[in-house]
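Work through the exercises below with the sequence and the model side by side. Try each task before reading its solution.

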Amino acid sequence: MNIHSFLADDDQQSKQYKYVLNTTNKLQDQRTNDRSESTLGNNYLRSFALKLAQQGDYTEAIALLTQLICRHPQNAVDYNNRGLIYFQGGERQKAFYDYNTALNLNPNLASAYNNRANYYAACGDLATALTDYDQAINLNPCHIRAWINRGITWRDLGQYEEAIENFEVALLFGQLEGHIWGERGRTYHLWGDWNCAIADYRRALTQLPSLDNSKDITGYRLRLQLENWLNELLSESAS
């Protein structure tokens, strides 16, 4: 499998954490309009757990989400979020269990399909990963991360044309352009179109965080990869 980063919902980028928090709070608001101390306390715990995960304190984050799950065992979002943190901490089987539990509770939770697909892809089961990415996109056609991840998976299968098509659709949403250009550039690189690859690598590097900013972990790692791939291409084209 090629070196790359699958994009999870609620990964270590701060903007993505804010998105998940807003989504979680909206779901809570839909279930009840009660602004009681208990509800506010639950939202605080959820917010604090995701903040701890962002800082790399997975053990405490998992403990807080487990507390929330004990209070509200039917909340699929909390299982999904805990699964993400387990996955980030390298506990894949626990993550897989939580993703399955989330989907049993809410079969329409697109983000859980995307995250479970990332699990399958990381385990090398690309065909099953594609099935889950397809389901995430069927449930939410605007799920940009699923489009990107499905493109990466098609690329790993050597289906470069299908990969490019997924990245082209992802670009229509006007988000995560640096990631998309980087992954599309890598696809062109492997496909043998070096001019398009170099152009996409350079576009991506204008959008991704600089090397002295490691808060965006996924973007930081992708930037390191892109710089290596670009230097590789430039050295090969000059020889």
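**Ground rules and overview**

Buried residues make up 51% of the 239 residues in the protein; buried means under 20% relative accessible area, exposed over 50%, and partly exposed in between, with a 1.4 Å probe and protein chains only. This is a predicted model, in which local features need pLDDT of at least 70, side-chain atom pairs count only at pLDDT 80 or more, and totals for chains, interfaces and linings use all residues. Residues are numbered from 1 along each chain as its sequence is written, and side-chain values use heavy atoms, with hydrogens and water left out.

**Exercise 1. State how many helices and strands the protein has.**

Step 1. Apply the rule: helices (H or I, at least four residues) and strands (E, at least two) are DSSP runs, numbered from the N terminus.
Step 2. Count them: there are 12 helices and 0 strands.
Step 3. Check the order: along the sequence the pattern reads α-α-α-α-α-α-α-α-α-α-α-α.

**Exercise 2. Find which residues touch the most other members of the largest nonpolar core.**

Step 1. Define the set: a nonpolar core holds buried Ala, Val, Leu, Ile, Met, Phe, Trp, Tyr and Cys residues joined through side-chain atoms within 4.5 Å.
Step 2. Pick out the residues: in this core of 61, Ile-85, Ile-148, Ile-180, Tyr-201 and Leu-226 touch the most other members.
Step 3. Name the top contributor: helix α3 (residues 58-71) gives the most, with 7 residues.
Step 4. Look around Tyr-201. Beyond its neighbours within four places in sequence, Tyr-201 is in contact (heavy atoms within 4.5 Å) with residues including Gly-182, His-189, Leu-226 and Trp-229.

**Exercise 3. Describe how α8 packs against α10.**

Step 1. Get the geometry: helix α8 (residues 144-156) and helix α10 (residues 177-191) pack at about 15°, with axes 11 Å apart. Axes are lines fitted to C-alpha atoms, for helices over the stretch in contact, and angles run from 0 to 180 degrees between N-to-C directions.
Step 2. Classify the angle: α8 and α10 are roughly parallel to each other, because angles under 35 degrees count as roughly parallel, over 145 as roughly antiparallel, 65 to 115 as roughly perpendicular and the rest as oblique.
Step 3. List the partners: Ile-144, Ile-148, Ile-152 and Arg-155 of α8 meet Ile-180, Glu-183, Arg-186, Thr-187 and Leu-190 of α10.

**Exercise 4. Give the angle and axis distance between α10 and α12, then list contact residues.**

Step 1. Read the values: α10 and helix α12 (residues 217-238) pack at about 35°, with their axes 10 Å apart.
Step 2. Name the residues: α10 supplies Gly-178, His-179, Gly-182, Glu-183, Arg-186 and His-189, while α12 supplies Thr-218, Gly-219, Leu-222, Leu-226, Trp-229, Glu-232 and Leu-233.

**Exercise 5. Is Ala-102 buried or exposed?**

Step 1. Place Ala-102: it lies in helix α5 (residues 92-105).
Step 2. Judge the exposure: Ala-102 has 0% relative accessibility and counts as buried.
Step 3. Check its surroundings: outside its neighbours within four places in sequence, Ala-102 is in contact with Ala-76, Tyr-79, Asn-80, Leu-109 and Ala-112.

**Exercise 6. Characterise Leu-176 and Gly-41.**

Step 1. Leu-176 sits in the loop between α9 (160-171) and α10.
Step 2. Its phi is near 55°, a positive value in a residue other than glycine.
Step 3. Leu-176 is buried, at 17% relative accessible area.
Step 4. Gly-41 is in helix α2 (residues 37-54). Gly-41 is partly exposed, at 25%.
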